[in-house]
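The exercises below ask for a careful reading of backbone and burial in a single chain. Try each task on the coordinates before turning to its solution.

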Amino acid sequence: MRRKSCFFCKDKVREVDYKDVNQLRRYISERGKIRAPRMTGACRRHQRQVAVAIKRAREMALLPYVAEAGPPSRSRSGDRS
Ligand SMILES: [Zn+2]
C-alpha cells in the first residue's frame, strides 16, 4: 500500500483552520463523518487537528453534523424494511 503524503504537511500548514470549510469537507464523508486517516492520507498530528477543526466548524454551524445528501426516502427511526 502506498503511503499518501499528508496534505497539510505538504502545504506546511501548522494549524488546521476550522473556517476553511472547503478544506475540511475533503476530510468528511458524504454522511458527514470524519474520514479515517488511512483514507485521507493525513498524518496523525494533522488528522487530530482536522477532527478538532471539524467539530469546531460544526459548533459554528459551518459544517453540518449530518450531511443532507442521503437516501431520498426518510426512514422512521427503528423501522427497518
Ligand atoms: Zn501532516
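**Exercise 1.** Determine which residue just after α4 takes a positive phi, and describe the helix that precedes it.

*Solution.* Just after α4, the residue with a positive phi is Ala61, at about 65 degrees. The model is a predicted one, in which local features need pLDDT of at least 70 and side-chain atom pairs count only at pLDDT 80 or more, while totals for chains, interfaces and linings use all residues. Residues are numbered from 1 along each chain as its sequence is written. Helices are DSSP runs of H or I with at least four residues, strands are runs of E with at least two, and both are numbered from the N terminus. On that basis the protein chain has four helices and zero strands. As for its length, α4 has 16 residues and reaches 23 Å from its first C-alpha to its last, close to the 22 Å expected at 1.5 Å a residue, where the expected span is 1.5 Å times one less than the number of residues.

**Exercise 2.** Work out how the buried residues of α4 are arranged around its axis, and what covers them.

*Solution.* Begin with the criterion: a residue is buried if 20 or more other C-beta atoms, placed from the backbone, lie within 10 Å of its own, exposed if 12 or fewer, and partly exposed in between. In α4 this selects His46, Gln47, Val50, Ala53, Ile54 and Ala57 as buried. Seen down the axis, these residues fall within an arc of 125 degrees, so they line one face of the helix; the arc is that of the directions from the helix axis to the C-beta atoms. On the other side of α4, Arg44 and Glu59 are exposed. The buried residues are covered by elements including α1 (7-10), α2 and α3.

**Exercise 3.** Identify the helix that gives the most to the largest nonpolar core, and list the contacts of Phe8.

*Solution.* A nonpolar core is a set of buried Ala, Val, Leu, Ile, Met, Phe, Trp, Tyr and Cys residues joined through C-beta atoms within 7 Å. The largest such core has 11 residues in all, among them Phe8, Val16, Tyr18 and Leu24. To this core α4 gives the most, with four residues. Two residues are in contact if their C-beta atoms, placed from the backbone, lie within 7 Å, and Phe8, leaving aside neighbours within four places in sequence, is in contact with Val13, Val16, Ala42 and His46.
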